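User: Could you walk me through how to read a protein model, one feature at a time? I would like the general idea and then the case at hand.

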Amino acid sequence: MKFSDYNISPLIKDQLEELGLRKPTDIQFKAIKHILDGEDVMAVAQTGTGKTAAFVIPVLDSLERKRHKGYSGIRCLVMVPTRELAKQIAGVFRDIGKRTSVKTFGLYGGVEQEQQIRTLNNGIDVLVTTPGRMFDLISQGHLDITKLEFLVLDEADLMLDLGFMKDIEDVLKHIPKKRQTLFFTATITKKIKSLAYSVVREAIRIQISPKNPVAKNIDHAVAFVEMDDKRFFLENILKEYDDRKFIVFARTKVRVERIVAAMERVGVKTEAMHGGIEQKDRFAIFDRFRGGENNVLITTDVAARGIDIPTMDYVINYDLPDDPENYVHRCGRTGRGNRRGQAMSFCSPDEIPLLSAIEEYTGEEIDQYEISKDDYREILFGTDEGGYNWKRLIEKDNKENGTEDEW
Ligand code: AMP
């Protein structure tokens, strides 16, 4: 089945064609027809499966077909856990809905409120938002969600983890009972189920690859590397594949900054992303990464979820995550939609229990990337003249700047 066979507005079909989206992904195939039929949907699907377009396409179609004369309030509210995700999903609505008359706005805190109010006053159909700023604007009378037709909760599990339960309950008090609700979560727990059943009605349930939460079109490998040697392996890979796009995950802000500094010293351009970076700078960093001005992002788990960069070639787990679920979210940054992606993890002896936990969680053993002793030594000391001195230089630098453990 192709998008051209669907009973959706030609304005959307033509745009999907222009964006190069021809065949629905699994989640789209399973969800779109039910949403078009007006049913509630509760879907367990990870990012990277095409779940955003799975709700964006039918919602746009419905909003475009059924215009209400004289009503300028919000018709679809999409609640998401993070600002980055709000910005990204609003972008998908705008891209796919480019030829339609549907107006979308991504609303979040950390930016001036006045400009946001002006945009809202001009009439918005789809509001994609994090809870905080939305409630500010509702209480100030700038936002009307009393007549909405669609409520979408995306990454609902992360919303619960971040403590947004009360906000979701408050939204439910403001919106009509008669509405269509679309509920998306990457993982399913008792708490998520009970939240889901409190918002949906007779929902169609969809689950994408329940046994194996790791997206199928990603090749996974693990290299056993000593903690202190990781930076040399990273340098080696980044130099070898300098035309590719990488996202590199490390455990802490300090480690992220140190990796960026170490790569700079050896002439590899990277940028840091972590919770200590201001919102406006974060957007600029993501824009540079997306646009190809920078092709290596070194980050903590702040960028593990939601962020969609379709051309991402590699995910590197410089440090293994403490929570196996985060392994799945991190790896979901590559292999987007129908593309293939690669995930490489550096595992130090201390991290072997974390590796076992990940394998148990995903139910799959990760292939070992074999490195011979000679190759290991070559990567460490380099074949270039001065390679060894360079290593000593960094070690000296680290000793001056703090302990090795902080890496
Ligand atoms: P998501 O899971 O919504 O974050 O989407 C992941 C990626 O899949 C995005 O880069 C989309 O552009 C891409 N994508 C979504 N639907 C399709 C499709 N039908 N065919 C190919 N790529 C798609």
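Analyst: Happy to; we will go through domains, a pocket, a helix and some single residues. Keep in mind that this is a predicted model.

User: Let's begin with the domains. Which residue ranges does the domain assignment give?

Analyst: The assignment gives domain 1 (3-208) and domain 2 (218-394). Taken over C-alpha atoms, their centres are 32 Å apart.

User: How do I read the interface between domain 1 and domain 2, and what area is buried there?

Analyst: The size of an interface is often given as the accessible area lost when the parts come together. Here about 1500 Å² is buried between domain 1 and domain 2, and carbon and sulfur atoms give 50% of that area. On the residue level, 16 residues of domain 1 contact 20 residues of domain 2.

User: Next, the empty space. How much space lies in the largest pocket?

Analyst: Rolling a probe the size of a water molecule over the atoms shows where empty space is left. In this model, the largest pocket holds about 1000 Å³. Its lining has 38 residues, and those closest to the centre are Leu21, Val92, Asp308, Pro310 and Arg336.

User: Where does the largest pocket lie relative to the two domains?

Analyst: The largest pocket lies between domain 1 (3-208) and domain 2 (218-394), because both give residues to its lining.

User: Which helix gives the most to that lining, and what is the chemical make-up of the lining residues?

Analyst: Helices H3 (51-65), H4 (83-96) and H12 (279-291) each supply at least two lining residues. H4 gives the most, with 9 residues. By type, the lining has 12 nonpolar, 13 polar and 13 charged residues.

User: Now a helix. How many residues of helix H13 are buried?

Analyst: A useful general point is that an α-helix has 3.6 residues a turn, so residues three or four places apart point the same way. Helix H13 (residues 324-331) is mostly covered, with 7 of its 8 residues buried. These are Pro324, Glu325, Tyr327, Val328, His329, Arg330 and Cys331.

User: What do the buried residues of H13 pack against?

Analyst: Their partners include helix H7 (156-161), helix H14 (352-362) and strand E13 (341-347). Strands E8 (218-224), E9 (246-249) and E12 (314-317) are also packed against.

User: On to single residues. Is Val171 buried or exposed, and which residues does Val171 touch?

Analyst: Val171 sits in helix H8 (residues 165-174). Its relative accessibility is 1%, under the 20% cut-off, so Val171 counts as buried. Leaving aside residues up to four places away in sequence, Val171 touches Leu77, Met79, Met134, Phe135 and Leu151.

User: And Pro10, buried or exposed?

Analyst: Pro10 belongs to helix H1 (residues 10-18). With 55% relative accessibility, over the 50% cut-off, Pro10 counts as exposed.

User: Last, the backbone. What is phi of Glu155, and what is phi of Glu202?

Analyst: Most residues other than glycine have a negative phi, and most peptide bonds are trans. Glu155 has a positive phi near 50°, and phi of Glu202 is also positive, near 40°. Glu155 lies in the loop between strand E5 (150-153) and H7, while Glu202 is in the loop between helix H9 (190-199) and strand E7 (204-207).

User: Which of those loop residues is buried, and which is exposed?

Analyst: Glu155 is buried, with a relative accessible area of 2%. Glu202, at 78% relative accessibility, counts as exposed.

Methods: Residues numbered from 1 in each chain as written. Predicted model: local features only at pLDDT ≥ 70, side-chain atom pairs only at ≥ 80, totals over all residues. Heavy atoms only, no water. 1 Å grid on protein atoms, 1.4 Å probe; cavity = no way out; pocket = protein on both sides within 12 Å on 5 of 7 lines; lining within 4 Å. Points joined across faces, edges and corners; volume = space filled by probe spheres on them. Helix = DSSP H or I, 4+ residues; strand = E, 2+ residues; numbered from the N terminus. Nonpolar A, V, L, I, M, F, W, Y, C, P; charged D, E, K, R; others polar. Domains from an automatic or database assignment. Buried < 20%, exposed > 50% of the residue type's maximum accessible area, 1.4 Å probe, protein only. Contact = heavy atoms within 4.5 Å. Buried area = accessible area lost by both parts, 1.4 Å probe.
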